[in-house]
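Me: Please take a close look at one part of this model for me, and then place that part in the chain as a whole. I work at the bench, so plain words and clear cut-offs would help.

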Amino acid sequence: MDHTLETRVAGGQPIGIDEATELWNEADDPTLTRLAGLARARFHPPDRATWLMMAIVNYTNVCVARCDYCAFYRLPKQDGGYLLTFEEVCARIDALVAHGGQLVGFNGGFHPKLRIGDYASLFQRIRATYPQLEFFEMTVAEFMYSCKVSRMSYAEGAKVLRNSGTRWVTGGGAEVLEDGFRARHSPLKYTVEDYYSAQRAILDAGMGSTATMVIGFDETLAERLAHLDRLRRFQDEVGGRLPSFLCWTYKPGNTALGGAEVSEREYLRWLAISRIFLNNFRHIRTSVLTRNEGALQGLRFGADDFDLPTEDEVTQSAGATISLEFGRILDAARSAGFDPVQRAPFGAAG
Ligand code: SF4
């Protein structure tokens, strides 16, 4: 072990891409957990983990982006396409409320007819119906497309949402933010710099946002690290306003891309690299949605926070299974050596 590296990680200094590459290729699991633990301890007591309960409501599956890793979308006019009514959205939210949930994340597709004003008025109505809940109202990717449909700049679109009361446009739809990856799998979605210019407009309008990543397609280590590197720079550029980074794993079922899911060990090791590399992120979140109880081992690999999900059609249509045995999931966190504490949703200001 390089003690200089250990001291730098513990002190919150950034490590380089070459150092992360070496750690990924050569460090054993105890080394990674120790380094990730040092980075985690800058922000959190060693045995504490936090969670909240949420549902992802997929209000439409109509999408024109055609990402080859997606099992969820239907093209306009294709059989099986839907757009939920207000009442249907409320029925989904009622199910979360019955479980005692706290947060709803809305996630749909690139719907060619939904303008920013349509989202703003729908979400305004929903917020008024459920004042006790927090909402992640769109993802950055959907926001970008809807701004184009609305013929608005990102600044204008963000202003419309903010003025209607929107608090969060989260960093979903990011997968691997590297232009080579985007060209291979999702050429119609966005370019990396375009994504960050949209996210910057969202933050500058006074809304909150988050960072996400998905691994396990065919991305190279260099592409994964390029994602972390650009994200770390963006977080510095915006003064640390993104409160959290969530990584989950690609589910290959029913997708054009196909393939096999990455192993639990690979996921856990990537969480550790993310915690060590992203020295300017307070919360690193592990994905119960895609890894079930195995995700709780992620707390040993640098994560500090997780969701108890109640539904998400996007990952479920590609093979994710959601357990509502919340006690069992929390016991898995305890077995990993952590005291899981329910938390309130983050404040939008980060
Ligand atoms: S991942 Fe999102 S943007 Fe891509 S096809 Fe699926 S719904 Fe559309």
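**A close look at helix α9**

Reply: The buried residues of α9 pack against α6 (140-149), α7 (154-163), β5 (169-170) and α10 (221-237). Please keep in mind that this is a predicted model: local features need pLDDT of at least 70, side-chain atom pairs count only at pLDDT 80 or more, and totals for chains, interfaces and linings use all residues. Residues are numbered from 1 along each chain as its sequence is written.

A few terms will help here. Helices (H or I, at least four residues) and strands (E, at least two) are DSSP runs, numbered from the N terminus. A residue is buried if 20 or more other C-beta atoms lie within 10 Å of its own, exposed if 12 or fewer, and partly exposed in between, with C-beta atoms placed from the backbone. Two residues are in contact if those backbone-placed C-beta atoms lie within 7 Å.

Now to the helix itself. The buried residues of α9 are Y195, Y196, A198, Q199, A201, I202 and L203. Its 13 residues, 192-204, should span 18 Å at 1.5 Å a residue (the expected span is 1.5 Å times one less than the number of residues), and the end C-alpha atoms are indeed 18 Å apart.

Both sides of α9 along the chain are worth a look. Leading into the helix, T191 sits in the loop between α8 (179-185) and α9. T191 counts as partly exposed because 13 other C-beta atoms lie within 10 Å. Leaving aside neighbours within four places in sequence, T191 is in contact with D179 and R182. D179 is 12 residues from T191 in sequence, and their C-alpha atoms are 6.2 Å apart in space. Just after α9, G206 takes a positive phi of about 100°.

One residue of α9 leads us to the interior of the chain. I202 is among the residues with the most contacts inside the largest nonpolar core, along with L271 and I276; this core has 102 residues. A nonpolar core is a set of buried Ala, Val, Leu, Ile, Met, Phe, Trp, Tyr and Cys residues joined through C-beta atoms within 7 Å. Helix α11 (residues 264-277) gives the most to this core, with 8 residues. Leaving aside neighbours within four places, I276 is in contact with V9, I15, L23, L35, A36, A39 and G302. In soluble globular proteins, nonpolar side chains tend to be buried together.

Finally, here is the wider setting. The chain has 14 helices and 10 strands, and 47% of its 350 residues count as buried. Among the contacts with a separation of 6 or more, 80% join residues 24 or more positions apart. The C-alpha trace spans about 55 × 40 × 40 Å along its principal axes. A compact globule of 350 residues would have a radius of gyration near 20 Å, and the chain agrees at 19 Å; that radius is taken over C-alpha atoms, with a globule rule of 2.2 Å times the number of residues to the power 0.38.
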